[in-house]
Amino acid sequence: MSFDTTGADNQSGDALENLLTENRHFEPSAEFAANAIVQAGEYAKANADRPAFWAEKSRELLSWSKPFTKSLDWSNPPFATWFEDGEINAAYNALDRHVEAGNGDRVAIHFEGEPGDTRTYTYAQLTEEVKKAANAFESLGLAKGDRVAVYLPMIPEAVITLLACARIGAIHSVVFGGFSADALRSRIDDAEAKLVVTADGTFRRGKPSSLKPAVDEALANPGHSVTNVVVVKRNGEDVNWVEGRDVWWDDTVGTASAEHTAVGHASEHPLFILYTSGTTGKPKGILHTTGGYLTQAAYTHRAVFDLHPETDVFWCTADVGWVTGHSYVTYAPLINGATQVMYEGTPDSPHQGRFWEIVEKYKVSILYTAPTAIRTFMKWGEDIPAKYDLSSIRLLGSVGEPINPEAWMWYRRVIGGNNAPIVDTWWQTETGAIMIAPLPGVTSTKPGSAQVPMPGIAVDVVDELGASVPHGHGGYLVIREPWPSMLRGIWGDNDRYKDTYWSRFDGMYFAGDGAKWDEDGDVWLLGRVDDVMNVSGHRLSTTEIESALVSHPSVAEAAVVGAADETTGQAVVAFVILRGSAVEDADIVTTLRNHVGREIGPIAKPKTILVVPELPKTRSGKIMRRLLKDVAEGREVGDSSTLADNTVMNQIAASLKA
């Protein structure tokens, strides 16, 4: 599909419009539809009066210590408030009320450590641990409004820490455990964090790795705001110790009282800051508050995943260091009383069937993971999941980037047994919760498309001038009306908030993503506008060309970048990983170029296709295309400190010299 919002006006442009024409549809089964939590009438009800709809859902899904009387205040755009005269406690909603309702014995978290160690927390046990952590943090001088930097692996203490902060009104700022000491320090400084919670280390692919040394390095220079560092003993690594500053988790939380009363905080009280920039440049602290965020997170979790908390086992594979781990690990599942799985490790350690082993062990019924993981599983071969009993799965979810149609189909067939609905979800750190996704008991799902805005969400696709584009055309994804879980600003920088998100189109939030309405009125996400290439005047989406490549039976994964070209302005350069079952065609490059030409059109044929052993990914699964662009343009590769595997770029370089 051409990204040109004026439509195609030549033969190759017409061909480009055809890629995202998807004729495969999958209706929900009659049984699934009959038992679905959300029915079709929800859309009309929600969109008739969006603020009233969200107020109704908030009262239905949450317990307010002081009920609110007004829903939305949009009198000072782009700054919204939701339910602002109400008071609520996030931790009470996630924990205490379930115990009070007689569900204390229900499992809240099944934790699976990478080495195979396990822990199970009931709602009663998790409530007790969070109360102890809240008391421990208060004993260290932490008070309402103080900021806490959290630098932990995927262990239960991460969820406990976040909920303890929310309980006392402290503002958590999670820094992903793969980030460097410099990145950690910049985030500590920007938020003026008073407390850091970390661990001695974690396990990674069968080996212990350290975390605390990065904290020590981050705090080595004076001038920071940190008074204490609480350290979880996870893997027994030796750590340096700063007397008077460092305390063991077991010596503070472990010895604290389990009696703690949750009090309500204002609906607009800050809940967390989450930084979205990389390791360079000034961090951008996305600020989320409490009442509206919890409302939309809880509603979308229940509606999109068709959650039946009494019987479902939910597994979101995201790290708590990313927004998905905030909304769909820490908050929404527990608010909704679900049983969930937490896993510390990677999909390939100690073997490539690790995910499916966990699904079988805990009878996971809802799996929410990233397209990059799905494509990796495709590369490894379907004989691996075939060894495990996946019959417990009744719904599959996708998050993080657009999913290629063929990866979607593989996910449905191999993991979902040709039966489980797939919900492909679009949202961002800034949106706080899911914005676009099919409702599994209502929507006829379509491979590769996120499909429809959630009830109560006003999404549109517009042209350069901000006018809505018709079906069959592409443009810029915007949100036309405020939503409950929207960011409330950038920490300490309201001007940057307005400039970044509200200056491109008058009165509309611009997400930074390209999108298209197809002829059915479904939304297709085309990736970041930055990932759109201009080749001889044609605007091409990297997502589309990657999807075309992955649709070839020899290709497991593909990443496409635009490289500077004297003739065409930009040239399409593709990096591909071949499937394990594929026999490397001596002329694979020509085969794949011709395949893209047939799928999209001659203009989209990659100028260069490079077969590589791996792609550079962060630990959240995002492909770092800027590093590939460095390779494509012959530059020295830039900062790769956030990669899950720092050797990948060396592997790519070696393969290209071979």
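**Figure 1. Four cavities of 30 Å³ or more are counted in this predicted model**. The largest cavity has a volume of about 40 Å³. Let's look at what surrounds that space: the largest cavity is lined by Ile 88, Ala 90, Ala 166, Gly 169, Ala 170, His 265, His 269, Pro 270, Leu 271 and Thr 290. Sorted by character, the lining of the largest cavity has six nonpolar residues, four polar ones and no charged ones. Two of the lining residues, Ala 166 and Gly 169, lead us to the next view.

**Figure 2. Helix α7 is largely enclosed by the rest of the structure**. Helix α7 runs over residues 156-168, a stretch of 13 residues. From first C-alpha to last, α7 reaches 19 Å, close to the 18 Å expected at 1.5 Å a residue. How many of the residues of α7 are buried? The count is 13 of the 13, and so the helix is largely enclosed by its surroundings in the structure. Just after α7 comes Gly 169, whose phi is positive, at about 85 degrees. Gly 169 also belongs to the lining of the largest cavity, as does Ala 166.

**Figure 3. Arg 50 makes side-chain polar contacts with Asn 47 and Glu 481**. Arg 50 is found in helix α4, which covers residues 50-61. Is Arg 50 buried or exposed? With a relative accessible area of 17%, Arg 50 is buried, because it falls under the 20% cut-off. The polar contact between the side chains of Arg 50 and Glu 481 is at 3.0 Å, and the one between the side chains of Arg 50 and Asn 47 is at 3.5 Å. Setting aside neighbours within four places in sequence, the residues in contact with Arg 50 are Gly 456, Ile 457, Ala 458 and Glu 481. Glu 481 thus appears both in this contact list and as a polar partner of the arginine side chain.

**Figure 4. Ala 632 in helix α19 touches residues from elsewhere in the sequence**. Helix α19 spans residues 625-632. Ala 632 counts as partly exposed, at 27% relative accessibility, because that value lies between the 20% and 50% cut-offs. Which residues does Ala 632 touch, not counting residues up to four places away in sequence? They are Val 561, Ala 563, Val 573 and Phe 575. For a distance to check on screen, try Ala 571: its C-alpha atom is separated by 9.6 Å from that of Ala 632, and the two residues are 61 residues apart along the chain.

Notes:
Residues are numbered from 1 along each chain as its sequence is written. This is a predicted model: local features need pLDDT of at least 70, side-chain atom pairs count only at pLDDT 80 or more; totals for chains, interfaces and linings use all residues. Side-chain values use heavy atoms; hydrogens and water are left out. Helices (H or I, at least four residues) and strands (E, at least two) are DSSP runs, numbered from the N terminus. The expected span of a helix is 1.5 Å times one less than its number of residues. Buried means under 20% relative accessible area, exposed over 50%, partly exposed in between (1.4 Å probe, protein chains only). A polar contact is a pair of N or O atoms within 3.5 Å; within protein, one must be able to donate a hydrogen and the other to accept it, and residues adjacent in sequence count only if both atoms are side-chain atoms. Contact means heavy atoms within 4.5 Å. On a 1 Å grid over the protein atoms alone, a cavity is a set of points where a 1.4 Å probe fits but cannot get out, and a pocket is an open set with protein on both sides within 12 Å along at least five of seven lines; lining residues have an atom within 4 Å of a point. Grid points are joined across faces, edges and corners, and a volume is the space filled by probe spheres set on the points. Ala, Val, Leu, Ile, Met, Phe, Trp, Tyr, Cys and Pro count as nonpolar, Asp, Glu, Lys and Arg as charged, and the others, Gly among them, as polar.
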